[in-house]
Amino acid sequence: MSTVASHRLDALLDAAEASGSCLVAREERDRRALRRRIGMPNGDLLSPAPGLYARRDHWLRLRPNERALHVMRGLAERRPGIVFCAQSAALAWGLPVSWHLLKETHVACQRKSGLHSTSQVVAHQISHDGPDVAGCLPVTSFWRTVFDCLASFPFADALAIADAALAKLRRSRKDMAALLRERFKGCPGIARATAICVWAEPAPESGGESIARANMIRLGYAYPRLQLTLPDPQNRRRSFRIDFSWRDASGRLIFGELDGDEKYTLSGREPLGALLDERKREALLTVYHASIARFPFAVARSPAKLAALLDLHGVPRGPAPELRDGVPVPAPGFADRPTIRGEGTMIMSDGMRIHFVEEYTCHAA
């Protein structure tokens, strides 16, 4: 390959990387040069999907969600008119999508579009939904995307989507179920989607918290209070939010805290400094005489590991609920609980403690 051609390809690859996309070669000479470069011994290029190219070292540095977006942007350029759906659309909408669901790209098609599924691109026949735009990508509408995910995802992954959608809606879970039922009446999966709405909460701050709660539900643990706010015992102007909290039979508090990388790199802090801040926070929480169960996402994702930890800390546990279409069946009356965004205790300037609850009321008729 000539030096001029090599420099030209490098410039095209630089531009694609800067835009967060795989390279789409528009000219035949570039496509031939790219194929030759891939075939070279110790080649520095790879092709994540037909017609898309990326530098190997750049691609290997990307996380699965970033790789998925690179492929989507490349496909959108290569195939004008394409519309992404399901988990691909959810990713573009900023919804929490587990990385294991991003191995393929999902696109919407009409019956006679001629678009067929491959090992890398999954085509879905979707009607009665106009295309939208999210993250500068053509996608199915927000609620169509939510519906498709709730109808098809495993319960834990679907619950993460439902929680995020409910937080965006800022209304009750009954309102969200009514919205889906009205828009997608008669669509396969509507009963499953609305059943998952029963478990949705707007309080979780990450998809990992939703997945942890889903496994707690399936294992039969007592339903936790979420994002409980407690005053800092040393500074009444500050407060703590606890991911999960319970009381055992004796009334003892149990806190559950999901660790994440973001907790150690907050606001540009060095990881060690952020870690020390977290340890100071945990030391102050001991004032509440609580058992503190900390766990990473790998434990949240594993029912067996999560159960071992929660049992160690004495979290109350009953029988596992019945499953219907992969969704736990709630106890009678559970679906009527209030939709709470947050609750906790505040200390006023005069020292008075006030308990607060932020509840979303139902607007459905």
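How many helices and how many strands does the protein have? With the whole chain of this predicted model on screen, a secondary-structure colouring will bring out 13 helices and 16 strands. Before selecting anything smaller, keep two overall values in mind: buried residues make up 48% of the 365 residues, and of the contacts with a separation of 6 or more, 57% are accounted for by residues 24 or more positions apart.

**First stop: the sheet β1-β3-β2**

Select residues 23-24, 45-49 and 52-55, which are β1, β2 and β3. These 3 strands form an open sheet in the order β1-β3-β2, with antiparallel pairing. The edge strands are β1 and β2, each of which pairs on one side only. Between β2 and β3, which run antiparallel, there are 3 bridges, and if you label leucine 46 you can follow it to its bridge partner in β3, alanine 54.

Now add residues 28-39, helix α2, which lies across β1, β2 and β3 and runs at about 115° to β2. Residues 64-78, helix α4, also lie across β1, β2 and β3, in this case running at about 140° to β3.

**Second stop: helix α6 and its surroundings**

Move along the chain to residues 142-152, helix α6, and colour the selection by burial. The helix is mostly covered, since 9 of its 11 residues are buried; these are Phe142, Trp143, Arg144, Thr145, Val146, Phe147, Asp148, Cys149 and Leu150. To see what covers them, show α5 (86-92), α7, α8 and α9 (190-197), against which the buried residues of α6 pack.

**Third stop: where α6 crosses α8**

Keep α6 and select residues 173-183, helix α8; the two axes come within 11 Å and cross at roughly 95°, which makes α6 roughly perpendicular to α8. Which residues meet at this crossing, on the α6 side and on the α8 side? From α6 come Trp143, Phe147 and Leu150, and from α8 come Met176, Leu179, Leu180 and Arg183. Sorted by character, the residues of this contact comprise 6 nonpolar, no polar and 1 charged.

**Fourth stop: the cores**

Several residues of that crossing return when the largest nonpolar core is displayed: of its 62 residues, Trp143, Leu150, Ile161, Met176 and Leu180 touch the most other members. Helix α7, residues 155-169, supplies the largest share of this core, with 9 residues. Apart from this core lies another, of 19 residues, including Ala203, Trp246, Ala293 and Leu306.

Return to leucine 180 and display its neighbours: leaving out residues up to four places away in sequence, leucine 180 touches Trp143, Phe147, Leu150, Lys185, Ile190 and Cys197.

**Last stop: arginine 181**

Step one position along helix α8 to arginine 181, which has its place in that helix. Is arginine 181 buried or partly exposed? Its relative accessible area is 44%, so arginine 181 counts as partly exposed, given that the intermediate class lies between the limits of 20% and 50%. Its contacts, again not counting residues up to four places away in sequence, are with Ile190 and Thr194. To finish, draw a distance between the C-alpha atoms of arginine 181 and threonine 194, which are 13 residues apart along the chain and separated by 7.2 Å.

Key:
Residues numbered from 1 in each chain as written. Predicted model: local features only at pLDDT ≥ 70, side-chain atom pairs only at ≥ 80, totals over all residues. Heavy atoms only, no water. Axes fitted to C-alpha atoms, helices over the stretch in contact; angles between N-to-C directions. Helix = DSSP H or I, 4+ residues; strand = E, 2+ residues; numbered from the N terminus. Parallel < 35°, antiparallel > 145°, perpendicular 65-115°, else oblique. Contact = heavy atoms within 4.5 Å. Nonpolar A, V, L, I, M, F, W, Y, C, P; charged D, E, K, R; others polar. Core = buried A, V, L, I, M, F, W, Y, C linked by side-chain atoms within 4.5 Å. Buried < 20%, exposed > 50% of the residue type's maximum accessible area, 1.4 Å probe, protein only. Pairing = 2+ DSSP bridges.
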